[in-house]
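Colleague: Got a minute to go through the charged pairs in this one with me?
Modeller: Sure, let's pull it up.

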Amino acid sequence: MKNYNIIILGPSGAGKTVFVASLFRQLSTSTREGLFLEVPDHQQCIKLNEIYAQIIAKGPWPYATRELTKNTFTCCVKNPSLENFPVCQFTYIDYGGGIITDILPGEYEVLDFDKNVPNADAVLVMIDGLKLLKFMQDKDLNTEDVNRWLQKHLPNMMKLVHKCNRDTPVHFIISKWDLLVECRCDDLSEVRKRLLEKVPDFKNVVHSRVKAGCPVRLIPVSSIGMDFATLQPDGSMKKKPGAIPKPFQLEIPIAYVLIDRVKSDLKALKPSSENILLLDLVKKLKELAHVDQEKSLQEVKDRETALKHLVISFLKHLKDFEERFPKANLGGEVLFAPEPIHNFTKHEKVVCSLGFTSDGKTLFSSSDDRTVLFWDVARGNLQKKFVQEKSDWVLANISQDNKLLFTASADKSIKVWDANTGKLLYKPLKGHSEPIDGFVVSPDGSTLISGSRDRTVKIWQLETNGGRVIHSLSEHQGYVYALAVSPNGQTLATAGTNKKMLIWELPIKDDKFLKFLTLKHPSFIKALAFSSDDKMLVSGCGDKTIYVWDTKTWNLKYNLEGHSGAIWSLAISPDNRILASGSNDCTIKVWNLSTGTLKTTLTGHTGIITTLAFSPDNQTLASGSDDKTIKIWRIV
């Protein structure tokens, strides 16, 4: 039976002992889901019951210790026929709070810190909710308790976390969440922001682990629940006579340990015989999260089906948790990606391009069905329809003042329209000998740039009576699929089927490219995107890889792997925090652009993700596909 070793770190009074005892008491009898915990060691069972009795009785709370204690729980499933199936074990290794508060010479060696912490399956760092409450309330950080917590307790714990292996999940457990709720300091986004801004040790640990792709979370819990005890003026907690504990979210850390650990093993290709079934189950996270729990429990007949039911039950809890606390995830992939807030289905063929108006209120889309549609983003409905194009594969752009609409299509021409009336303003701009596959507009709207299957890039200058080609660039030896112009308007990137990305200085001088990137792409390049600060250029390749380039040196910063198909579309949020990538694997991946780590995977499209666009306020992502649909996602 698989055993998961979980180390708990926390200073005296943080609530570790109460947490473990309450968890045991809460799950010592079978829940409606058929789950419960057994303690194989009889003496441990007696000790936990004694601690819990002290929690609920009048008088003092359990005393802090300098001891290392281990409590092993066997997680079991009991089916409706009352058959009991042990599934796995969780061993909580609790370093006494006094050890964390004041680590004495030689205690590292005696307590095997260097051995136990790196080999743990997960580490829970207990953040004392009472200290955190004072921290949130004391804007000047003058309280002695808060200063000691910030300057001594947290740094000692962070030193230990630094010893964790790369694949070890680290969960920061906020104890006594009931206190923060009672004092209206329970906005997890504000708690997270203040910790990252004011606690350098915390920020450094989170940053280093996120950069390495490790799961890091902030999980609020309450071992006693609301209305069991009240905060006294002297900072102590007084139990209410006759009150009954109602623990809050104690099962969330244990559920994350199981799922995160298996996902880490899956990533590291460590499918032990004990783990093979779990690996298979975790691959189906989203599917299993929607399975009916009662039906799943009815199907429990052996250890294998009991394990499946455990995973289904845990996923249900985690899905609910992530919906309630979307800011809990500090790093690593979110288990349950957001669902689209709108689905637009008016196009009859492939969605070719998307974009937002400058105020973000309207989305425009173009399609192989020869139309351009305008959508009300907030209401999720169609505003108006342009049907003037007479050829397929329509690409569209709009001017920053939202007055001009530009389209290119398979008829090899570019057209300029009044975006309000739909009136064609000039004669079509013609110059390409083959269909246009790439089309961008300069930031000031005066220059149009097109890439074609005729292997050329043409730069058009708009004039009073129309436009003309001012440069025709013919350095590519294949179709030109992708174009991108830097926000400062000084750099153009072009790429396509010849596996090369060319960088041009704008305005073009003598039709020569500025620099040719020395690292060739191993396959065709379908998508390009500049960051809004002009510091990065991202390219999407047919080899399923995304490449991130430093535009100052044109060196490769890093590459991103995760898609199972070619990259077809890219978009960077205006604040440069997030990169979205679309692929012919029908998924959208959302990345932390500064660290290169995957945040989440958006699913729902049934075809290639052909186009992506972020709203100006960074909050919304639009995706278009060859499944003929557009989806709007809320990105937080």
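Modeller: Before we start, this is a predicted model. Also, buried means under 20% relative accessible area, exposed means over 50%, and partly exposed is in between.

Colleague: Okay, how many salt bridges does the structure hold?
Modeller: A pair counts when a side-chain nitrogen of Lys or Arg is within 4 Å of a carboxyl oxygen of Asp or Glu. On that basis, the salt bridges in the structure number 14.

Colleague: Is aspartate 320 buried, exposed or partly exposed?
Modeller: Aspartate 320 pairs with lysine 316 in a salt bridge, at 3.7 Å from N to O. The two sit four residues apart in helix H15, so about one helical turn separates them. Lysine 316 has a relative accessible area of 33%. For aspartate 320 the figure is 25%, which means it counts as partly exposed.

Colleague: Which residue forms a salt bridge with glutamate 323?
Modeller: Glutamate 323 is exposed, at 53% relative accessible area. Its partner is four residues away in helix H15, about one helical turn. The closest N and O atoms are 2.8 Å apart, and that partner is lysine 319.

Colleague: And arginine 453 with aspartate 437, how many residues apart in sequence are the parts this pair ties together?
Modeller: Their side chains meet in a salt bridge at 2.9 Å, N to O. Arginine 453 is in the loop between strands S21 and S22, while aspartate 437 is in strand S20, so the parts tied together are 16 residues apart.

Colleague: Which residues do salt bridges with shared partners join into one network?
Modeller: Here the bridges link up through the partners they share. The residues in that network are Asp128, Lys131 and Lys176.

Methods
Residues numbered from 1 in each chain as written. Predicted model: local features only at pLDDT ≥ 70, side-chain atom pairs only at ≥ 80, totals over all residues. Heavy atoms only, no water. Buried < 20%, exposed > 50% of the residue type's maximum accessible area, 1.4 Å probe, protein only.
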